[in-house]
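Here is my note on the model you sent round. Please read it with the coordinates open.

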Amino acid sequence: MSATLERPVILQRLRRETHPYHEALEQNDFNRALTAGTLTAAATERFLGKLYGFLVPYEAALRRYDFGPEWQPELRQRAHLIREDLPAADALPLCPGMPRLDTRARMLGALYVLEGSTLGGQVITRQLAQAGIGMRRYFSGHAERTGPLWKSCCQLLATEATDDNEADIVAAAIQTFQLLHAWIEQR
């Protein structure tokens with residue numbers, strides 16, 4: 001099978017097989033309040049704190065892999081943006097139940113989830129602005145570069161996907177959604 005035909009296969013499979021876990025994650029208190037127009041600064045701080053606690057260990061794992069310059073690895077790390085929103089973020093607890101990121105394929109699955117979240121961040125930024133909540137640096141991410149960076153990530157991921165690693169990529173994406181959801185819901 002040619003690389004051209006393989007690319008959409010992994011992306012379609014990721015989207016299809018992670019869909020229920022993505023949907024479950026989006027049903028968190030923060031998103032429900034955002035949708036209802038009842039979001040508070042305190043709820044935003046809590047949500048950002050949870051994201052920070054997940055991103056710090058995730059990004060430490062990401063740095064262990066040699067992602068070449070085409071991946072723009074420095075742009076794939078965004079925990080520092082949360083520190084701009086929450087200056088005391090470094091004192092927050094880190095997630096103890098991280099996905100297994102012990103292979104490059106599993107790292108790619110997690111990368112798919114966390115890079116995909118940048119697209120939702122663009123919507124959240126606008127909603128936070130409408131609500132008058134100023135903690136928007138993390139959600140703004142790369143602003144107008146967000147879409148192109150996501151497309152680049154998908155293209156690179158599709159290039160690396162093979163028959164041998166595809167199942168691991170998908171399994172890691174599912175596990176990342178599940179564990180991120182559990183972490184966000186934990187009080």
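The points below take confidence first, then helix packing, then single residues.

1. Confidence. This is a predicted model. The mean pLDDT of the protein chain is 94. Of its residues, 96% reach 70 or more. Among the elements, helix 8 has the highest mean pLDDT, at 98. Helix 1 (residues 3–25) has the lowest, at 84.

2. The N-terminal stretch. Over residues 1–7 the pLDDT is below 50. Beyond near neighbours in sequence, this stretch has 4 contacts in the model. Part of helix 1, which starts at residue 3, falls within residues 1–7.

3. Helix 8. This helix covers residues 166–185, 20 residues in total. From first C-alpha to last it reaches 29 Å. The expected value is 28 Å at 1.5 Å a residue, so the two are close. Its buried residues include Ile 169, Val 170, Ile 174, Phe 177, Leu 180, Trp 183 and Ile 184. Glu 166 and Thr 176 are also on the buried list, as are Ala 172 and Ala 173.

4. Helix 5 against helix 7. How do helix 5 (residues 104–131) and helix 7 (residues 146–160) pack? Their angle is about 160°, and their axes are 10 Å apart. That makes helix 5 roughly antiparallel to helix 7, because an angle over 145 degrees counts as such. Helix 5 passes helix 7 in a left-handed crossing. On the helix 5 side, the residues that meet helix 7 include Arg 104, Leu 108, Tyr 112, Glu 115, Gly 116 and Gln 122. Helix 7 contributes Thr 146, Gly 147, Trp 150, Cys 153, Leu 157 and Glu 160.

5. Helix 5 against helix 3. Helix 3 (residues 41–63) packs with helix 5 at about 150°. The axes are 12 Å apart. Helix 3 is therefore roughly antiparallel to helix 5. This crossing is left-handed. Helix 3 brings Thr 44, Phe 54, Leu 55, Tyr 58, Ala 61 and Leu 62. These meet Met 107, Ala 110, Leu 111, Leu 114 and Leu 128 in helix 5. Leu 111 is also listed among the helix 5 residues that meet helix 7.

6. Thr 118. This residue is found in helix 5. Is Thr 118 buried or exposed? Its relative accessible area is 9%, so Thr 118 is buried. Leaving aside neighbours within four places in sequence, Thr 118 is in contact with Arg 78 and Thr 146. Thr 118 and Thr 146 are 28 residues apart in sequence. In space they are 6.7 Å apart, C-alpha to C-alpha.

7. Ala 161. Its place is in the loop between helix 7 and helix 8. Ala 161 counts as buried because its relative accessibility is 5%, and the cut-off is under 20%. Ala 161 and Ile 10 are 151 residues apart in sequence. Their C-alpha atoms are 6.9 Å apart.

8. Positive phi. Most residues other than glycine have a negative phi. Where is Gln 72 found? It is in the loop between helix 3 and helix 4 (79–85). Phi of Gln 72 is near 50°, a positive value. Gln 72 is partly exposed, with a relative accessible area of 25%. Ala 143 has a phi near 50°. Ala 143 lies in the loop between helix 6 (137–140) and helix 7. With a relative accessible area of 36%, Ala 143 is partly exposed.

Methods
Residues are numbered from 1 along each chain as its sequence is written. This is a predicted model: local features need pLDDT of at least 70, side-chain atom pairs count only at pLDDT 80 or more; totals for chains, interfaces and linings use all residues. Side-chain values use heavy atoms; hydrogens and water are left out. Helices (H or I, at least four residues) and strands (E, at least two) are DSSP runs, numbered from the N terminus. Buried means under 20% relative accessible area, exposed over 50%, partly exposed in between (1.4 Å probe, protein chains only). pLDDT is the predictor's confidence in each residue, from 0 to 100. Contact means heavy atoms within 4.5 Å. Axes are lines fitted to C-alpha atoms, for helices over the stretch in contact, and angles run from 0 to 180 degrees between N-to-C directions. Angles under 35 degrees count as roughly parallel, over 145 as roughly antiparallel, 65 to 115 as roughly perpendicular and the rest as oblique. A crossing is left-handed if the near helix is turned anticlockwise from the far one by less than a right angle, and right-handed if clockwise.
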